[in-house]
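Subject: Structure handover

Hello,

Here is the structure for your files. My notes follow below it.

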Amino acid sequence: MMFSKRLKNLTPYVPGEQPRDRQYLKLNTNESPYPPSPRIKDFLENFDIQHLRLYPDPQFLKLRDKIAVCYGIKSDQVFIGNGSDEVLALSFFSFFDSSNGKLIFPEFTYSFYPVYCDFFGIDYRTIPLTRAFQIDIHGFIKRGDACGVIFSNPNAPTGVCVPFEEIIALLDKFPTDRVVVVDEAYIDFGGKSAVSLIDRYPNLLVSRTFSKSMCLAGLRLGYAMGDANLVRALFAAKDSFNSYPVDMLAQRIGEIAISDQPYYRVIQDKIITNREYLSRVLVEAGWEVLPSKANFVFVRKDGISGQEIYLKLKEKGILVRYFNISGIRDFIRITIGTKDQIDTLIREIKKWF
Ligand code: PMP
C-alpha cells in the first residue's frame, strides 16, 4: 500500500491504557473520580434533538463569552478546541517554525510535545529538569535563539509547579516575537495561573482543559487564552483543517460547566485534600513524593522499579502509570481518586512494598 512518507516517520503518542478485560481502579490517566456538574444532567435530559440537525457554531461565540467572563478577559482572547490536545497541536502548527530556531521544552514533560514536533516537522531541544525535578526556567532564558517554548505547569508527569515569578522572568527575557505556551491542564489543583499576564505579554498563550478539574475527559473540550492576534492565528489554522471540531453538545456542556464554578471548587478542594493525604501516608512509609500541585503524584521507593510497582498493583486491580524512560524509570504516577480509592491503594501498597 502507498502510504505517505510523512506517516511512515511518525511515532504516535501512547495514552494511558483503558483496558476492558476487568474492572480496575483507574488511577492512571488523571481523570476525575467525581462526576461533572449536575446541571449538565438536567441539560441533557431536556435537550431537544432537533438541534442536532444543524452544524455547531464554528466560532464558539457563547462558550468563548462564558470563559471570558470567568477569567475577566475578552472573548477574542479565547480559542476553543477538541480537547486541549487539539489546541496544543494547532499551537505547534501556528507558532513554532524551526526556520526561526528550535522549539524548547523540558526533558521530562507531556510526551505529546515531541510527537507534535515530528508531526509538524519542528526541530526541538529539551532542557533538563533541575535535581529537584523542577522545570529549569533559567535554562529556557539562556536559549533566546529558540523559535518558542512550551511547558506544562504544573508539569506532567512530575506534578511540580513553576513559581509565578519565574514565569514572569521568562516572559521578561524571552524574545517578544516568540510564543511561550504554558499548558495549564492541571493548574486548578493549587497552582497559580499565568492567565493574568496575557494582556501584558502578547506572546503568551495559556492552554486549559475541561478534562481534569472539570471532570469532563469524555467530552473532549479544551481552550487557550492569549492575545487576540494569537487567537486569530489559531482560528486560521483550525479553519484550514476542520471548521467544526467541537460539536454542539460539547459547546453547550462547556458553557454550563464553566458557569458552575462553586460546584467545581468543591471538587478541586477534595482532590487537593486527598492528594495531601496520600502524599503524607507515602512519605511516612518511606516513599519519595515530589511536591505536587496536580491531580496526581509522582512517587518512588528505593530499591523497586516503577514497572515492578505497576505490575503488582495491576495484578491487584489498580492501574497506575509508569514511564519506561531513562531518568524516571523508578517513579510511578498515581492519579488522585476519592478517599476510599486512595485507602484501597494504600492498603495494597503497604501490603506489597
Ligand atoms: N496537557 C497535559 C499536560 C496533559 O497531561 C493532557 C492529558 N493527557 C493534556 C494536555 C490533554 O488533555 P485533553 O486533550 O484531554 O484536554
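Helices (H or I, at least four residues) and strands (E, at least two) are DSSP runs, numbered from the N terminus. This is a predicted model, with local features needing pLDDT of at least 70, side-chain atom pairs counting only at pLDDT 80 or more, and totals for chains, interfaces and linings using all residues. Residues are numbered from 1 along each chain as its sequence is written, and side-chain values use heavy atoms, with hydrogens and water left out.

Backbone first. Pro 154 is in the loop between strand S5 (148-152) and helix H7 (164-173). The peptide bond leading into Pro 154 from Asn 153 is cis, with omega near -5 degrees. Pro 157 belongs to the loop between S5 and H7 as well. Ala 156 and Pro 157 are also joined by a cis peptide bond, with omega about 10 degrees. Phe 133 has a positive phi, near 65 degrees. Its place is the loop between strand S4 (124-127) and helix H6 (137-141). For context, most residues other than glycine have a negative phi, and most peptide bonds are trans.

Now the ligand. It is surrounded by 14 residues (a heavy atom within 4 Å). The closest are Ser 84, Asp 183, Tyr 186, Thr 209 and Ser 211. Helix H4 (residues 83-95) gives the largest share of this shell, four residues. By class, the shell has five nonpolar (Ala, Val, Leu, Ile, Met, Phe, Trp, Tyr, Cys, Pro), four charged (Asp, Glu, Lys, Arg) and five polar residues (the others, Gly among them).

Three polar contacts (N or O pairs within 3.5 Å) stand out. A polar side-chain atom of Thr 209 is 2.5 Å from a ligand oxygen. A polar side-chain atom of Asp 183 is 2.7 Å from a ligand nitrogen. A backbone N or O atom of Asp 85 is 3.0 Å from a ligand oxygen. Taken alone, the ligand exposes 400 Å² (Shrake-Rupley, 1.4 Å probe), and the protein buries 91% of that.

The ligand sits in the largest pocket (more than half of its atoms within 2 Å of the grid points). On a 1 Å grid over the protein atoms alone, a pocket is an open set with protein on both sides within 12 Å along at least five of seven lines. In a cavity, a 1.4 Å probe fits but cannot get out, and lining residues have an atom within 4 Å of a point.

There is one cavity of 30 Å³ or more. Its lining includes Tyr 71, Glu 184, Arg 208, Thr 209 and Tyr 223.

Best wishes

Key: Polar contact = N/O pair within 3.5 Å; in protein donor to acceptor, adjacent residues only side chain to side chain. Points joined across faces, edges and corners; volume = space filled by probe spheres on them.
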